[in-house]
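Hi,

Here is the structure I promised to pass on to you. Have a look at it first, and then read my notes below.

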Amino acid sequence: FTQYQYGFQPDTIKSFTEDSLRQRFSNLQIELGFRNKASNKYGINYAPQLQLHRFTDGRSNGETNIRIQAPLSKTIGEIFALQLGIDANLSNYKTDSISGISNNIVSISPSLQYNTPQLKVAAGFHPTWNNNVFVWLPNITAEAKLKNEKFVVLASWQGYFQKNNYAYLAQVNPFIAAPTSFTNTRFSDVFAGIKGSIGSHFTFNGRLSFQQRTNQALFLNDTLTGKSFNVVHEASLQVLSIRGEIGYSIQEKLQLLAGITLNDFQKQEQYTAAHGLLPMQLNGSVRWQILKDLLVK
């Protein structure tokens with residue numbers, strides 16, 4: 001797709017040609033994977049996946065990303081299970097002036113699961129290497145059904161990294177200048193929520209979360225060239241987030257979904273505001289089975 005850098009003031013782009021403002025992003029992605037349809041005699045399930053991704057901007061700046069995911073689980077009796085996930089997310093970025101920048105995140109996710117019809121708990125951790133820097137990250141989730149089974153209470157404490165490669169940054173802000181370095185964002189996310197149904201047609205989902213973000217990517221106007229945005233990183237940022245979602249359905253014929261997310265950005269150390277991040281997000285979808293062989297989304 002094509003984007004045009006526009007400048008933070010109208011006069012700043014008068015001296016640029018249309019071609020110098022144009023960015024033509026190109027994506028090529030291939031995914032391969034397989035999984036077993038039923039547990040083998042040892043109670044083991046597996047679902048490895050390989051993703052190949054090539055991203056370019058039409059200006060000799062390109063990025064190749066390879067991601068290998070290998071989740072593995074083994075049941076122990078009727079209510080326990082062991083899980084082990086391996087995730088290798090590897091990127092290499094090149095330009096005319098940069099021979100190559102590697103940006104790699106590798107993690108292992110061992111956990112123990114407890115599953116009953118009324119309660120599901122998973123406890124583990126994520127040993128993670130973020131560009132060869134090692135950290136321990138939490139991985140704890142819980143889900144409990146209330147007595148009438150129409151309501152489910154959720155809670156979680158998760159640690160993870162958002163990989164700020166060129167493809168992701170351009171998806172958030174397609175008007176950025178080509179980056180010259182990469183820093184990934186570390187998340188610590190604690191949330192509680194509830195989901196359920198009301199009657200036979202309405203469903204709802206709500207959650208309250210508190211996030212501590214380290215090296216959060218922000219987007220500032222490039223006042224030197226006047227036409228693009230530069231990516232900077234906030235060392236520490238706290239986010240209080242509220243999300244609500246409601247759905248309406250009539251059997252399998254019609255499904256409506258609407259949601260809202262409100263984000264309150266707090267306690268920044270370096271910058272005065274969360275430049276380029278959304279304080280409010282709205283989403284909606286419609287799925288309509290018009291005829292037996294005709295589905296509209």
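Let's start at Leu-146, which sits in the loop between β10 (133-145) and β11 (151-162). Please keep in mind that this is a predicted model.

Is Leu-146 buried, exposed or partly exposed? Its relative accessibility is 38%, and because buried means under 20% and exposed means over 50%, Leu-146 counts as partly exposed.

Which residues does Leu-146 touch, once its neighbours within four places in sequence are set aside? The contacts are Gln-118, Phe-151 and Val-153. You can place two of these partners on the strand that follows the loop, since β11 covers 151-162. For a sense of distance, try finding Gln-238 as well: Leu-146 and Gln-238 are 92 residues apart in sequence, and their C-alpha atoms are 32 Å apart in space.

Now zoom out to the whole chain. Its secondary structure consists of two helices and 17 strands. Along the principal axes, the C-alpha atoms fill a box of roughly 65 × 45 × 45 Å. The chain has 297 residues, and 32% of them count as buried. If you take contacts between residues at least 6 apart in sequence, 51% of them join residues at least 24 apart.

Last comes the surface and the charges. About 17,900 Å² of the chain is exposed, with carbon and sulfur atoms supplying 59% of that area. There are 27 positive and 19 negative side chains, and the centres of these two sets lie 8 Å apart.

Enjoy exploring!

Best wishes

Notes
Residues are numbered from 1 along each chain as its sequence is written. This is a predicted model: local features need pLDDT of at least 70, side-chain atom pairs count only at pLDDT 80 or more; totals for chains, interfaces and linings use all residues. Side-chain values use heavy atoms; hydrogens and water are left out. Helices (H or I, at least four residues) and strands (E, at least two) are DSSP runs, numbered from the N terminus. Buried means under 20% relative accessible area, exposed over 50%, partly exposed in between (1.4 Å probe, protein chains only). Contact means heavy atoms within 4.5 Å. Accessible areas come from the Shrake-Rupley method with a 1.4 Å probe; for residues, only the protein chains shown count as cover. Lys and Arg count as positive and Asp and Glu as negative; His and the chain ends are not counted. The place of a charge is taken as NZ of Lys, CZ of Arg, CG of Asp or CD of Glu.
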